[in-house]
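Biologist: Before we look at single residues, I would like to hear how the words used for them are justified. Could you take me through the reasoning step by step?

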Amino acid sequence: DPSVQNTLSLVFNVNNSPNGMFRFRWENPSSDDQYGSGYGWAVDDVEVRALSDYDLVYTYGLYHYESYQYSQIPTTQITDIEVRAGVRNDGSQDLTNVKLVLGGDVTAESPAITLTSLAVDTLEAVFTPVATVGDYTVTRTLVMDQTDDNPINNPIPDFSCSITNHIYAVDKGAPYSDFPLTSLSFGGTPAVVEGIGTSYDIAANQAVHGVDFRFFT
């Protein structure tokens, strides 16, 4: 099926050997005979190269209060926002003073680490929004002492949230991909619900005067 395609990027440890071999092998775990033969596949655009000296890779990103990536936060419920970035060193040399730096409308950075060759880690920076009503944009940047040989694999998109007088929300008024309501858990245990739900962390007592909800296609 031409619509089934995968792009793979793998790092192989050859233990400093001057020679190496790569094998492409078809494997199918199905016990159904009809899937055991008559297959077809294609492998193309194969590139094998030595590791770069300095190659920091961004692997995943996350930002949240306690439970969700809130899009609108009332001034009475402001608390710390934790911003995380997964990183991997795909280079042959150690990377020093690797940090996640937050900018835009906030200022914060994670503690600096040394990331050894082929190691993975998670950086975390924490900031507290100011209690002033308005829209805030946060930029996320990875920095280190070395010059990255492949900077194209570590950009991180900006994110935004709004500080409001009264509204607490997880939707921004549109089905933004940044705020998916696809799961619900209690204490880390997934909850089975009839529909999709959300919950809110309460940092201070506050009277609730109304609840709005909406559906999207």
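Modeller: What follows is a conversation about a predicted model, in which each term is set beside the value behind it.

Biologist: How many salt bridges does the structure hold, and what makes the pair E82 and R84 a salt bridge?

Modeller: The structure holds 4 salt bridges. In the case of E82 and R84, the nitrogen and oxygen of the two side chains are 3.2 Å apart, and because a salt bridge asks for a side-chain nitrogen of Lys or Arg within 4 Å of a carboxyl oxygen of Asp or Glu, the pair counts as one.

Biologist: Which residue besides E82 forms a salt bridge with R84?

Modeller: That residue is E124, whose closest approach to R84, taken between N and O atoms, is 2.7 Å. This pair links distant parts of the chain, since R84 belongs to strand β3 (residues 81-89) and E124 to strand β7 (residues 120-127), with their positions 40 residues apart in sequence.

Biologist: Why are E82, R84 and E124 called partly exposed?

Modeller: Their relative accessibilities are 21% for E82, 27% for R84 and 31% for E124. Buried would mean under 20% and exposed over 50%, so each of these three values falls in between and earns the label partly exposed.

Biologist: What about R88 and D90, whose side chains also meet in a salt bridge: is each of them buried or partly exposed?

Modeller: The N to O distance for R88 and D90 is 2.7 Å, which is within the 4 Å cut-off and therefore fits the term salt bridge. R88 has a relative accessible area of 28% and is therefore partly exposed, whereas D90, at 11%, is under the 20% limit and so counts as buried. Separately, salt bridges that share partners join E82, R84 and E124 into one network.

Biologist: Turning to the rings, how many aromatic pairs are there, and why is the pair of F12 and F22 called edge-to-face?

Modeller: There are 4 aromatic pairs in the structure. The ring centres of F12 and F22 lie 4.9 Å apart, with an angle of 75° between the planes; because centres within 6.5 Å make a pair and planes over 60 degrees apart count as edge-to-face, both parts of the name are met. F12 and F22 are each found in the segment before β1 (56-64), 10 residues apart. F12 has a relative accessible area of 48% and F22 one of 43%, so both are partly exposed.

Biologist: Why is the pair of Y70 and Y168 called tilted?

Modeller: The centre to centre distance for Y70 and Y168 is 4.9 Å and the planes make an angle of 45°. Planes under 30 degrees apart would be stacked and planes over 60 edge-to-face, so an angle of 45° leaves the remaining word, tilted. Y70 sits in the loop between β1 and β2 (72-74) and Y168 in the loop between β9 (159-164) and β10 (185-186), so their pair ties together parts that are 98 residues apart in sequence.

Biologist: How do you know that Y70 and Y168 are buried?

Modeller: The relative accessible area is 4% for Y70 and 17% for Y168, and because buried means under 20%, both qualify. Y70 and Y168 also form one aromatic cluster with Y200.

Biologist: What makes N97 and L118 worth pointing out in their backbone angles?

Modeller: Most residues other than glycine have a negative phi. N97, in strand β4 (residues 95-104), is not a glycine and yet has a positive phi of about 50°. L118, in the loop between β6 (113-115) and β7, is likewise not a glycine, and its positive phi is about 70°. With relative accessibilities of 39% for N97 and 38% for L118, both count as partly exposed.

Biologist: Finally, what makes the link between the side chains of K99 and E109 a polar contact?

Modeller: K99 lies in strand β4, and its side chain comes to 3.2 Å from that of E109, which is within the 3.5 Å cut-off and therefore suits the term polar contact. Other residues touched by K99 include L123, T141 and V143.

Conventions. Residues are numbered from 1 along each chain as its sequence is written. This is a predicted model: local features need pLDDT of at least 70, side-chain atom pairs count only at pLDDT 80 or more; totals for chains, interfaces and linings use all residues. Side-chain values use heavy atoms; hydrogens and water are left out. Buried means under 20% relative accessible area, exposed over 50%, partly exposed in between (1.4 Å probe, protein chains only). Helices (H or I, at least four residues) and strands (E, at least two) are DSSP runs, numbered from the N terminus. Rings of Phe, Tyr and Trp (its six-membered ring) pair if their centres lie within 6.5 Å; planes under 30 degrees apart count as stacked, over 60 as edge-to-face and the rest as tilted. A polar contact is a pair of N or O atoms within 3.5 Å; within protein, one must be able to donate a hydrogen and the other to accept it, and residues adjacent in sequence count only if both atoms are side-chain atoms. Contact means heavy atoms within 4.5 Å. Lists of a residue's contacts leave out its neighbours within four places in sequence.
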